[in-house]
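Hi everyone, thanks for coming. Have the picture open while I talk, and stop me whenever something is unclear.

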Amino acid sequence: MAAKGKVKKTFLSGLGADNPIFAQVLGICSTLAVTNVLKNTVVMVMGLIFVTSLSNFTISLLRNYIPSRIRMMVETLIIAAYVIIVDIVLKAYVPDISRQLGPYVGLIITNCIIMGRAEAFALSNPVGLSVADGLSAGMGYGYVLIIIAFFRELLGSGSIWGLRVLGSWWTNWFIMVMAPGAFFMLAIFIWVVRGLITEREKEEVKS
Amino acid sequence: MNPSVYPVAIFFAAIFTNNILLTNYLGMCSFLSVSREIKTSLGLGAAVIFVMAVTSALNWIVYEYILIPLDLTYLRYIVFIIVIAAFVQIVEMIIERVSETLYAALGIFLPLITVNCAILGASLFMVIRQYNFLSSFMYGFGSGIGWSIAILAMAGIRQKLKNAKIPRGLEGAGITLIITGMMALAFIGFTGMIKIS
């Protein structure tokens, strides 16, 4: 029972308090690049969750056999192997999206979240917990991406999932599909979330 | 291969119109964490320029003469990251032997570079855009300079920001991202100056 509670706690912390994006501000390179279209973002997020959970699984399984001097290299290679699988699968089943994502699928390798979770968690924890941690880091990262992508696509192209939802009266904000829009959206997101967290903490202190 | 794409044009395009940080979002992690002071930014910038230029060229050679003939292009992610990591390791060892002062200045930044997505990104873009050898080198070199310009500008702004009053919740990462957005807006002004594929 105790072990189960621990898994749950590990899982929830990645979604909330230890969220990789707004609490730790990690791995935002690919966050920003793919979020101009919701569909691409969802595909990217699925790839990322796959890689984080399975690389955490593998590294945790091998944690007693990896010499600590070369552990970074070993971790990178394990991650790269999973990224290649994702890349090949995307190329085979959704070639259009794969082309649009371009180099960003490959760049999952250097995404600091995966490396960070492997280094900070999988190397020192049992397999089950590590998988939970990987899943939660991936999902915590994913839902932030999806929220950002939702607003960028809505404001930037007046559509959601490729379907036009705002009428012809809507003037597209081109800035939202370009680079600055991504930076602004992420900053606003972090601002809102951190603002809410500090508000709540203040209330708790008062009461 | 598009004959109108010249290495020099690619070099300037990589700095201004296609800045790897401000239009391709690469290298954000170290950008956010290291841009607090001008001096450290300068050190990291120099290391990035050097490593990016050389690894783009090295990876081009490996890709063109080893991976394509053997039909192993799907392994490029693993191979590129190994080349980058090995190169960084060798440079670190050489610098340590040759110059104490240079090692003190650059040494701590070199391990950071292996996981800098901009370095791997430059190599991947080079493959996708089908550059030749010289263009790849110029692209890596220009991207490194573009990245360094962005981080230096950011470090300068952040030093001034220390005394500014920033809304709660926006300190640190938030305000840095907003300023990066403004810098990206400014760089959009260069659009159309040079066109590369």
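Let's start where the two chains meet: 41 residues from chain A and 41 residues from chain B take part in the contact. Please keep in mind that this is a predicted model.

How much area is buried between chain A and chain B? It comes to about 3,300 Å², and carbon and sulfur atoms give 81% of that. For anyone new to this, the size of an interface is often given as the accessible area lost when the parts come together.

Now, what about charged and polar pairs across this interface? The rule finds 0 salt bridges between chain A and chain B. Polar contacts do turn up, with a count of 2 residue pairs between chain A and chain B, both residues at pLDDT 80 or more. On the chain A side, the helices α2 (28–34), α4 (71–93) and α9 (179–206) each supply at least two of the residues that touch chain B. Which of them gives the largest share? That is α9(A), with 14 residues. If you sort the chain A side by residue type, you get 28 nonpolar, 7 polar and 6 charged residues.

Let's move on to chain A by itself. Chain A has 9 helices and 2 strands, and along the sequence they come in the order α-α-α-α-α-α-α-β-β-α-α. Its radius of gyration is 19 Å, close to the 17 Å that the globule rule gives for 207 residues, so chain A is as compact as a globular protein of that length. The C-alpha trace of chain A spans about 60 × 55 × 30 Å along its principal axes. Of its 207 residues, 50% count as buried. And if you take the contacts in chain A with a separation of 6 or more, residues 24 or more positions apart account for 72% of them.

Next, salt bridges. Side chains of opposite charge can pair when their charged atoms come close. How many salt bridges does a search of the whole structure find? The answer is 4 over all chains, and I'd like to show you three that lie in chain A.

One of them joins K91(A) and D87(A), with the closest N and O atoms 3.3 Å apart. These two residues are separated by about one helical turn, because they sit 4 residues apart in helix α4 of chain A. Their surroundings are worth a look too: K91(A) counts as partly exposed, at 46% relative accessibility, whereas D87(A) is buried, with a relative accessible area of 7%.

Another pairs D96(A) with R99(A), at 3.1 Å from N to O. Both are in helix α5 (residues 95–101) of chain A, 3 residues apart, again about one turn of the helix. Is R99(A) buried or exposed? It is exposed, because its relative accessible area is 63%, and the cut-off for exposed is over 50%.

The next pair is R117(A) and D133(A), whose side chains meet at 2.9 Å, N to O. This pair links distant parts of the chain, 16 residues apart, with R117(A) in helix α6 (residues 112–120) and D133(A) in helix α7 (residues 127–157) of chain A. R117(A) counts as buried at 17% relative accessibility, and D133(A) is buried as well, at 3%.

Over to chain B. Here we have 9 helices and 0 strands. Chain B has 197 residues, and its radius of gyration of 18 Å agrees with the value near 16 Å for a compact globule. Its C-alpha trace spans about 60 × 45 × 25 Å, and 55% of its residues count as buried.

Two spots in chain B to click on. Start with A13(B), in helix α1 (residues 7–15), which counts as buried at 0% relative accessibility. Its C-alpha atom is separated by 8.4 Å from that of Y139(B), although the two are 126 residues apart along the chain. The buried residues of α1(B) pack against α8 (133–161) and α9 (173–188) of chain B.

Then there is N59(B), in helix α3 (residues 38–70) of chain B. It also counts as buried, at 0% relative accessibility. Which side chain joins N59(B) in a polar contact of 2.7 Å? That partner is S123(B). Leaving aside residues up to four places away in sequence, N59(B) touches F80(B), V83(B), I84(B), S123(B) and M126(B).

That's my tour, so over to you for questions!

Notes
Residues numbered from 1 in each chain as written. Chains lettered and ligands numbered in written order. Predicted model: local features only at pLDDT ≥ 70, side-chain atom pairs only at ≥ 80, totals over all residues. Heavy atoms only, no water. Contact = heavy atoms within 4.5 Å. Buried area = accessible area lost by both parts, 1.4 Å probe. Polar contact = N/O pair within 3.5 Å; in protein donor to acceptor, adjacent residues only side chain to side chain. Nonpolar A, V, L, I, M, F, W, Y, C, P; charged D, E, K, R; others polar. Buried < 20%, exposed > 50% of the residue type's maximum accessible area, 1.4 Å probe, protein only. Rg over C-alpha atoms; globule rule 2.2 N^0.38 Å.
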